[in-house]
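Here are some exercises to work through with the model open in your viewer. Try each task before reading its solution.

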Amino acid sequence: MATPQVTSPADRHDPLQRVRDHERELEQVRRAYAALPPDRPVRLAKRTSNLFRNRTATDSPGLDLSALCGVVEVRPGTAGAPATALVGGLTTYEQLVDELLPHGFVPLVVPQLRTITIGGAVTGLGIEAASFRNGLPHESVLQMRILTGDGEVVTATPDGEHADLFRTFPNSYGSLGYALDLVIELEPARPYVALRHVRFDAVAALTDAVDDVMSSQTWDGDRVDFVDGVVFGPTEAYLCLGRWTDHLEGQARPSDYTGDQVFYRSIQQRRADVLTAHDYLWRWDTDWFWCSRAFGAQHPTVRRLWPSRLLRSDVYWKIVAFENRHHVMGRIERLRGLPDRERVVQDVEIPLARTAEFVDWFLREVPIEPVWLCPIQLRPAPGAQPDETPWPLYPMRRDERYVNVGFWSTVVIEPGAADGDVNRRIEDEVTRLGGHKSLYSDAYYDEATFAALYGGTAYVPVKRRYDPAGRFPTLYEKAVQAR
């Protein structure tokens, strides 16, 4: 592959004009915020979301940040510094990939779903199979311009005047402000990703292999650039090991999982595979991992009738959102005499050394399969202490290896149980094992426990400084009370 050429990301017009247009859009957002009623809560006016919380309804006008999307500028790297890009906070990763990949670059971490925005991944959390070497999306951010609760636009960097906001912004879920634009690091891409699917008969054997891969970034003599895995049951688990490549590795053509074939099933069927870089990055989006089966989208007849352009996560999410509003299927199931079900849609970070223990407990106690695994380690930093927890609202240790465990389904509410009981048990087990769970879905913590787990002592003074009038709900109000 040719050396990446750093040019205007969108050769639509003069790149300097694109920067000037972006600056005008920033000023228009500041003015729009100032025009909102000062005594009403503020929310974003967004057409899509990847949150799984049924938020309290409000008639307050939304803040439209949709103009702040796209790659504004790509900046070439040097011998001692990586290539970077200035991007709008509402840019989806789909748009980032579409604009950067033709120039030979991708973000260091590309979360699995197309419509996740870069601002959303930083103020929330995003992970992918590169996270074992590149950490979390906010770790590749060098600078953010953030709209705060008092209507100011501040530039937050690791060491500047607003370093406190920079550190606490990750996992704040918009409770401290909105990222209007960000400067992010990039890495070179290649045309293809070659995959190896390695089977293990026990989760403990898989986690031992993860430890080896994270140490050496190799497996059986091959370089490893990407690693995640799937647990289909107690005795069937796989690591999916990928590496950038310029070649098809002996295949006649790259595999295509955007039509009749389903990617997660290929893991059980193929030991080796090659996808284009684009299709690898979105391999999980086509079937929302495996959740498309709930809509019949994996049935061969339905699959043939379902347009391939609509096999994508935001379409499934809209179906779920419709059901959350109108409860059509819930009413039908009650008429059929079926029991109510509890939503169990969660991603949790467990220390690698305790991951097998958690997964074994989960497979015994919660009837949900498959389960996704994604190793993570925070990026090293010059001069940092090994036991440092640099992001206080999601206090992962820099010297600790973790595995994200993802599970997304529903379970029957047993007689005598209450809706939320299974999620509460999972929360307790995650805490017992020294882990944390992401806050994009239902949470049931009491306020004191939540503050202890999610950086309350660091959060309070930053909230007071940047949102003194409480224009944004607090993190607890957002994550647990769904406000």
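One term first: buried means under 20% relative accessible area, exposed means over 50%, and partly exposed is anything in between (1.4 Å probe, protein chains only). The model is a predicted one, where local features need pLDDT of at least 70, side-chain atom pairs count only at pLDDT 80 or more, and totals for chains, interfaces and linings use all residues. Residues are numbered from 1 along each chain as its sequence is written, and side-chain values use heavy atoms, with hydrogens and water left out.

**Exercise 1. Overall build**

Task: work out how many helices and strands the protein has, and how its radius of gyration sits against the globule rule.

Solution.
- Step 1: count DSSP runs, with helices (H or I) needing at least four residues and strands (E) at least two, numbered from the N terminus. That gives 16 helices and 16 strands.
- Step 2: take the radius of gyration over C-alpha atoms, and the globule rule as 2.2 Å times the number of residues to the power 0.38. The protein comes out at 22 Å, close to the 23 Å that the rule gives for 483 residues, so it is as compact as a globular protein of that length.
- Step 3: check the box. Along the principal axes, the C-alpha atoms fill roughly 60 × 55 × 50 Å.
- Step 4: look at burial, where 55% of the 483 residues count as buried.

**Exercise 2. Three salt bridges**

Task: for the pairs Arg199 with Asp201, Arg283 with Asp228, and Arg432 with Glu357, find the N to O distance and decide how accessible each partner is.

Solution.
- Step 1: set the criterion. A salt bridge is a side-chain nitrogen of Lys or Arg within 4 Å of a carboxyl oxygen of Asp or Glu, and the structure holds 37 of them.
- Step 2: for Arg199 and Asp201, the closest N and O atoms are 3.5 Å apart. Arg199 is partly exposed because its relative accessibility is 45%, while Asp201 reaches 53% and so counts as exposed.
- Step 3: Arg283 and Asp228 meet at 3.0 Å. This pair links distant parts of the chain, 55 residues apart: Arg283 is in the loop between helix H8 (277-281) and helix H9 (300-305), and Asp228 is in strand E10 (226-233). Arg283, at 4%, is buried, and Asp228, at 1%, is buried.
- Step 4: Arg432 and Glu357 meet at 2.9 Å. Here helix H13 (421-432) supplies Arg432 and helix H12 (352-365) supplies Glu357, 75 residues apart. Arg432, at 48%, is partly exposed, and Glu357, at 32%, is partly exposed.
- Step 5: look for a network. Salt bridges link Glu94, Arg114, Asp285, Arg312 and Asp314 into one.

**Exercise 3. A helix pair**

Task: classify the packing of H10 and H11, then list who makes the contact.

Solution.
- Step 1: fit lines to C-alpha atoms over the stretch in contact, with angles running from 0 to 180 degrees between N-to-C directions. Helix H10 (313-326) and helix H11 (328-335) pack at about 60°, their axes 6 Å apart.
- Step 2: apply the classes: under 35 degrees is roughly parallel, over 145 roughly antiparallel, 65 to 115 roughly perpendicular, and the rest oblique. So H10 is oblique to H11.
- Step 3: use heavy atoms within 4.5 Å as the contact test. H10 brings Phe322, Glu323 and His326, and H11 brings Val328, Met329, Gly330 and Arg331.

**Exercise 4. Backbone oddities**

Task: which residues have a positive phi although they are not glycine, and which peptide bond is cis?

Solution.
- Step 1: Asn171 has a phi of about 75°. Asn171 lies in the loop between helix H5 (163-168) and strand E6 (178-188), and is buried because its relative accessibility is 0%.
- Step 2: Asp220 has a phi of about 50°. Asp220 sits in the loop between strand E8 (218-219) and strand E9 (222-223), and at 65% it counts as exposed.
- Step 3: the bond from Glu369 to Pro370 is cis, with omega near -5°. Pro370 is in the loop between H12 and strand E14 (371-376).
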